[in-house]
Amino acid sequence: MGWNKDGSMVRASYLSQYECVGTVRESRVSYGGRVLYTLDLDEPLALPFTSELRETVIVNEDQVVADFGVVAAPANWMEI
């Protein structure tokens, strides 16, 4: 797979210590050539240093632990 993971479900280590799973909303190359991913999390992430829950995080390419690929909805998802 290439660097563009838009739509892929991934497992990542946010801030190198908080495990999270989500769908890649945006893949981009930042200044300096690093690849960054914006993840929409499946479950909100509670961090000890803030009272707010995170629903979206930005991770570096090297923090992605697993890439499950694009997870498509079933053809009749509207009827379920």
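This report describes the strands, the sheet, the nonpolar core and the salt bridges of one protein model.

The model is predicted, so local features are taken where pLDDT is at least 70 and side-chain atom pairs count only at pLDDT 80 or more, while totals for chains, interfaces and linings use all residues. Residues are numbered from 1 along each chain as its sequence is written, and side-chain values use heavy atoms, with hydrogens and water left out.

## Overall make-up

The protein has five strands and zero helices, where strands (E, at least two residues) and helices (H or I, at least four residues) are DSSP runs numbered from the N terminus. Read from the N terminus on, the elements follow the pattern β-β-β-β-β. Of the 80 residues in the protein, 31% are buried; here buried means under 20% relative accessible area, exposed means over 50%, and partly exposed lies in between, with a 1.4 Å probe and protein chains only. The accessible surface comes to about 5500 Å², and 51% of this surface belongs to carbon and sulfur atoms, the areas being computed by the Shrake-Rupley method with a 1.4 Å probe, with only the protein chains shown counting as cover for residues. Among contacts between residues at least 6 apart in sequence, 44% join residues at least 24 apart, a contact being heavy atoms within 4.5 Å.

## The sheet

The five strands form an open sheet in the order S4-S3-S2-S1-S5, with antiparallel pairing; two strands count as paired if DSSP finds at least two bridges between them. Strand S4 and strand S5 (64-70) stand at the edges with a single partner strand each, so one side of each has no neighbour in the sheet. Neighbouring strands are turned against each other by 35 degrees on average, direction ignored, with axes fitted as lines to C-alpha atoms and angles running from 0 to 180 degrees between N-to-C directions.

At one edge, seven bridges join S3 to S4, and these two strands run antiparallel. They form a hairpin with six residues between them, and Leu39 stands opposite Val57 in S4. At the other edge, four bridges join S1 to S5, again in an antiparallel arrangement, and Ala12 stands opposite Val64 in S5.

The loop between S1 and S2 holds Leu15 and also Ser16. Leu15 has a phi near 55 degrees, a positive value in a residue other than glycine, and Ser16, which is not a glycine either, has a positive phi of about 60 degrees. Leu15 is partly exposed at 41% relative accessibility, whereas Ser16 is exposed with a relative accessible area of 57%.

## The nonpolar core

A nonpolar core is a set of buried Ala, Val, Leu, Ile, Met, Phe, Trp, Tyr and Cys residues joined through side-chain atoms within 4.5 Å. The largest such core has 15 residues, and those with the most contacts inside it are Tyr14, Cys20, Tyr37, Leu39, Leu45, Val57 and Val59. The elements that give two or more residues to this core are S1 (8-14), S2 (18-29), S3 (35-46) and S4 (53-60), and the largest share, five residues, comes from S3. Leu45 touches Tyr14, Tyr18, Glu19, Glu52, Leu53, Arg54 and Val57, when residues up to four places away in sequence are not counted.

## Salt bridges

A search of the whole structure finds four salt bridges, each defined as a side-chain nitrogen of Lys or Arg within 4 Å of a carboxyl oxygen of Asp or Glu. Three of them are listed here.

| Acidic residue | Basic residue | Closest N to O |
|---|---|---|
| Asp67 | Lys5 | 3.2 Å |
| Asp40 | Arg25 | 2.7 Å |
| Glu26 | Arg28 | 4.0 Å |

Asp67 lies in S5 and Lys5 in the segment before S1, so this pair ties together parts that are 62 residues apart in sequence. Asp67 is partly exposed, with a relative accessible area of 27%, whereas Lys5 counts as buried at 12% relative accessibility. In the pair of Asp40 and Arg25, Asp40 belongs to S3 and Arg25 to S2, with their positions 15 residues apart in sequence. Asp40 is partly exposed at 30% relative accessibility, and Arg25 is partly exposed at 49%. For the remaining listed pair, Glu26 is partly exposed with a relative accessible area of 37%, and Arg28 is partly exposed with 31%.
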